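Welcome to a short set of exercises on reading a protein model. Have the sequence and the 3D view ready, and try each task before you look at its solution.

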Amino acid sequence: MSVLKNKRGESEMQFLQTARELYIYTIKKCVNIPKRYTFYISVPTANIATDIHALLQQGNSYLFPKNTHEAQLRRDCFLSARAKCIALIGQIEMINEITPLDKKGMLNWVEMINKELSLVDGILKKDEERYKNLPKL
């Protein structure tokens with residue numbers, strides 16, 4: 001059954017879609033950086049975006065942790081992805097200093113990262129409540 005567009009909420013899996021969009025957007029932006037900066041700026045920036053996407057997929061693979069160890073592995077993946085998001089913001093600032101970006105594109109990039117950060121924070125908060133009574137390993 002369909003849900004009216006104005007009644008739709010945010011999916012619980014939105015963090016994966018946003019990470020994918022961030023990954024693709026980052027690659028598109030890195031391709032436009034002058035070629036002489038490829039190994040100094042473009043590749044490290046693309047690697048950070050790749051890591052964010054991979055860590056969130058890896059963390060999501062622990063869908064139903066059976067014990068505290070599995071829950072901690074899930075949490076570690078999400079915390080690492082969160083740290084990489086913050087690193088990506090720093091990388092964007094450096095790119096902007098070396099080869100100025102258009103303001104609209106840069107703001108869009110940072111907004112995507114901030115959205116991802118808020119989604120990951122929400123997952124971490126839900127997981128803390130959801131998995132607080134798991135048995136120890």
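**Exercise 1.** How many salt bridges does the count come to? Then look at two that link helices.

*Solution.* Start with the ground rules. This is a predicted model, in which local features need pLDDT of at least 70 and side-chain atom pairs count only at pLDDT 80 or more, while totals for chains, interfaces and linings use all residues. Residues are numbered from 1 along each chain as its sequence is written, and side-chain values use heavy atoms, with hydrogens and water left out.

Step 1: Side chains of opposite charge can pair when their charged atoms come close. The rule asks for a side-chain nitrogen of Lys or Arg within 4 Å of a carboxyl oxygen of Asp or Glu. By this rule there are 6 salt bridges.

Step 2: Asp 51 pairs with Lys 84, with the closest N and O atoms 2.9 Å apart. Asp 51 lies in helix 2 and Lys 84 in helix 3, so this salt bridge ties together parts that are 33 residues apart in sequence. Helices here are DSSP runs (H or I, at least four residues), numbered from the N terminus.

Step 3: Asp 121 forms a salt bridge with Arg 82, and here the closest N and O atoms are 2.5 Å apart. Because Asp 121 sits in helix 4 and Arg 82 in helix 3, the pair joins parts that are 39 residues apart in sequence.

**Exercise 2.** Which residues are linked with Asp 127 in a network of salt bridges?

*Solution.* Step 1: The network links Arg 74, Asp 127 and Arg 130.

Step 2: The side chains of Arg 130 and Asp 127 meet at 3.4 Å, N to O. These two are 3 residues apart in helix 4, so about one helical turn separates them.

Step 3: Now check the accessibility, where buried means under 20% relative accessible area, exposed over 50%, and partly exposed in between (1.4 Å probe, protein chains only). With 9%, Asp 127 is buried, whereas Arg 130 is partly exposed at 44%.

**Exercise 3.** How many aromatic pairs does a search of the whole structure find?

*Solution.* Step 1: Rings of Phe, Tyr and Trp (its six-membered ring) pair if their centres lie within 6.5 Å; planes under 30 degrees apart count as stacked, over 60 as edge-to-face and the rest as tilted. The search finds 2 pairs.

Step 2: Phe 15 and Phe 78 are edge-to-face, at 5.6 Å centre to centre and 80° between the planes. Phe 15 belongs to helix 1 (residues 14-31) and Phe 78 to helix 3 (residues 68-98), so the pair ties together parts 63 residues apart in sequence. Both Phe 15 and Phe 78 are buried.

Step 3: The ring centres of Tyr 25 and Trp 109 are 6.2 Å apart and their planes meet at 70°, so this pair is edge-to-face too. Tyr 25 lies in helix 1 and Trp 109 in helix 4 (residues 103-130), so parts 84 residues apart in sequence are tied together. Tyr 25 counts as buried at 18% relative accessibility, and Trp 109 is buried at 0%.

**Exercise 4.** How many disulfides does the structure hold?

*Solution.* Step 1: A disulfide is a pair of cysteine sulfur atoms within 2.5 Å. The structure holds 0.

Step 2: For Cys 30, the nearest cysteine sulfur is that of Cys 85, 15 Å away. For Cys 77, the nearest is also that of Cys 85, 13 Å away.
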